[in-house]
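Trainee: Could we go through this model together? I would like to understand where the labels come from.

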Amino acid sequence: MIEAKKSRKKPEASEGTDNSIPHNGDVLVAGGGYVGLSTALAIKLGAPHLLVTVVDPAPVEAIAKDTRASAIAAAACRMLGALGIWDELKDGAQPINTMIVTDSRLADAVRPVFLTFHDDRNGHGGNEPFAHMIANSQMVGALRRRCIETGVELINEQKVDGFQNTGNHVEVQLSSGGKRIVRLLVAADGVRSQLRDQAGIGNVHWPYDQMGIVITVSHEREHHGQAEEHFLPAGPFAILPLKGNRSSLVWTERTADAKRLLDADDFTFDIELERRFGHRLGEIKVEGARKAYPLGLTLAREFVRERFALVGDAAHGIHPISGQGLNLGFKDAAALAQTIVEADRLGLDIGSLNVLERYQQWRRFDTVRMGMVTDLLNRLFSNDNRLLRAARNFGLGLVDRLPGLKRGFIDQAAGREKGAPRLLQGEAI
């Protein structure tokens, strides 16, 4: 087991904090994905004297093997800038400058465009696209390097097996048999979080009988930074631009059909893909393996308990129809880090329920609202009902003709909102 380094500076004793309790860390984050790493890094940058550890079961080598890419909203890009890694990532990031939305049947010869988003106004520091596509391996790799540089302890190939809240601290049991004693445990262990269950936090969950097929394709023609969302009866088919003549696809299908496609030979799969992708970008070719995951809505009933907090998918799992799942995770990381750092500066106990309640109040309503919106959109668009089709096409056309309303949707997608955590505004905590 890797032992935490001794802190050069310890927080002074104050009301609500018992520094006589022996501990070998202040914050332990379970989960080394982008949410867990950004949470740990943000806390460490805001309060360098705190001992912060990230524990993840995956081997380091697995990071480079992740071929997925994610859409990062403008606010999250500003946060990555405040964390000190955006300069490293921006050259490999593909700006999304335009997005079109269509609604049609699979057999339709033409897919009319009902809605176009084009964000051409100036943002922070100049022209700011409302999103960028970034390879997951590059983002996680940059976060890991920055964590090491700032003194965050990283432990791989171990997991948190369990924990016990003893009142003034948390005893965390590692899979190696080792133990860590910390003041706060943060669960960033995914939508099927075992730590959430161990904490006794229930969740609302319902499956959609859909799967999201994720693949990368290369194509003949340039995409010019345009993303496309095609609403088809089985679910949305999203084309997201990558660097070069490449795109990342999030292809929603009913579960039985998705499994059939995953098991199909290359010829059959390519034919079905071409029917949905179209011919606008010329000939297409699948790169890498086909991957799919079940879709559903999961919302934790609580985000915090005494000395315990949920972030990212451990707190919420939503449909990818809006592309906001990852960005909700960055909002969690920014809000929890700011809550902890400000409490520490006031001399408060960073693991107390009174402190953590602020984080819950900050994030819970926004998360539930986004979960309900994505659920409604999926139910509204993933069908072939003629009356619903007419109504939604009228609504999409109306939004396209109202600049103020459309700007509001762009601001939501870009993460521009009042009262956002400082990191999402590009400011240090």
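Mentor: Gladly. Start just past helix α2, where Gly84 follows with a positive phi, near 90°. Keep in mind that this is a predicted model.

Trainee: What makes α2 mostly covered?

Mentor: Count its residues: of the 9 in 74–82, 7 are buried. They are Ala74, Ala75, Ala76, Cys77, Arg78, Met79 and Leu80.

Trainee: Why is Asn327 called buried?

Mentor: Its relative accessibility is 5%, and buried means under 20%, so Asn327 counts as buried. Asn327 lies in helix α8. Leaving aside neighbours within four places in sequence, its contacts are Ala71, Ile72, Ala73 and Ala76.

Trainee: And why is Pro48 called exposed?

Mentor: The cut-off for exposed is over 50%, and Pro48 has a relative accessible area of 55%, so Pro48 is exposed. You will find Pro48 in the loop between α1 (34–46) and β2. Its C-alpha is 9.7 Å from that of Val341, although 293 residues separate the two in sequence.

Trainee: What is unusual to look at in Arg307, and is it buried or exposed?

Mentor: Arg307 has a positive phi of about 65° although it is not a glycine. Its relative accessible area is 2%, under the 20% limit, so Arg307 is buried. Its place is the loop between β20 and β21 (308–310).

Trainee: Which residue in strand β15 has a positive phi without being a glycine?

Mentor: That is Asp209, with phi near 55°, and it is found in β15.

Trainee: How do you know that β15 pairs with β19 and with β18?

Mentor: Pairing needs at least two bridges. Strand β15 (residues 203–219) and strand β19 (residues 284–300) are joined by 14 bridges, so they pair, and they run antiparallel. One position to look at is Asn203, which stands opposite Ala300. Strand β18 (residues 246–254) is joined to β15 by 9 bridges, so that pair qualifies too, again in the antiparallel sense. There, Gln210 has Arg254 as its bridge partner.

Trainee: Why do β10 and β20 count as edge strands?

Mentor: The open sheet has 6 strands in the order β10-β2-β1-β14-β21-β20, with mixed pairing. β10 (153–156) and β20 (304–305) each have a single partner strand, so one side of each is left without a neighbour in the sheet. For β10, strand β2 (residues 52–56) pairs with it in the parallel sense over 4 bridges, and Thr53 has Glu153 as its bridge partner.

Trainee: What makes β12 and β13 a pair?

Mentor: Strand β12 (residues 170–174) and β13 run antiparallel and share 4 bridges, and at least two are needed, so they pair. One of the matched positions is Gln173 with Lys179. The two strands form a hairpin with 4 residues between them, and in the turn Gly177 has a positive phi of about 100°.

Trainee: How do you know that the side chains of β13 alternate?

Mentor: Follow residues 179–182: Arg180 and Val182 point to one face and are buried, whereas Lys179 and Ile181 point to the other and are not. In a regular strand the side chains alternate between the two faces of the sheet.

Trainee: How do you know that the length of helix α9 agrees with its residue count?

Mentor: Helix α9 (residues 353–381) has 29 residues, and at 1.5 Å a residue these should span 42 Å; the end C-alpha atoms are 41 Å apart, so the two agree. There is also a kink of about 30° in α9, centred on Arg363.

Trainee: Which residues touch the most other members of the largest nonpolar core?

Mentor: In this core of 75 residues they are Ile72, Leu80, Met139, Leu143 and Phe330. Helix α8 (residues 325–345) gives the most to the core, with 9 residues. A second, separate core has 17 residues, including Leu115, Ala227, Val250 and Phe381.

Trainee: Which residues does Leu143 contact?

Mentor: Beyond its neighbours within four places in sequence, Leu143 is in contact with Tyr34, Leu37, Ser38, Leu41, Leu80, Leu83 and Ile85.

Technical notes. Residues are numbered from 1 along each chain as its sequence is written. This is a predicted model: local features need pLDDT of at least 70, side-chain atom pairs count only at pLDDT 80 or more; totals for chains, interfaces and linings use all residues. Side-chain values use heavy atoms; hydrogens and water are left out. Buried means under 20% relative accessible area, exposed over 50%, partly exposed in between (1.4 Å probe, protein chains only). A nonpolar core is a set of buried Ala, Val, Leu, Ile, Met, Phe, Trp, Tyr and Cys residues joined through side-chain atoms within 4.5 Å. Contact means heavy atoms within 4.5 Å. The expected span of a helix is 1.5 Å times one less than its number of residues. The bend at a residue is the angle between axes fitted to the seven residues ending there and the seven starting there.
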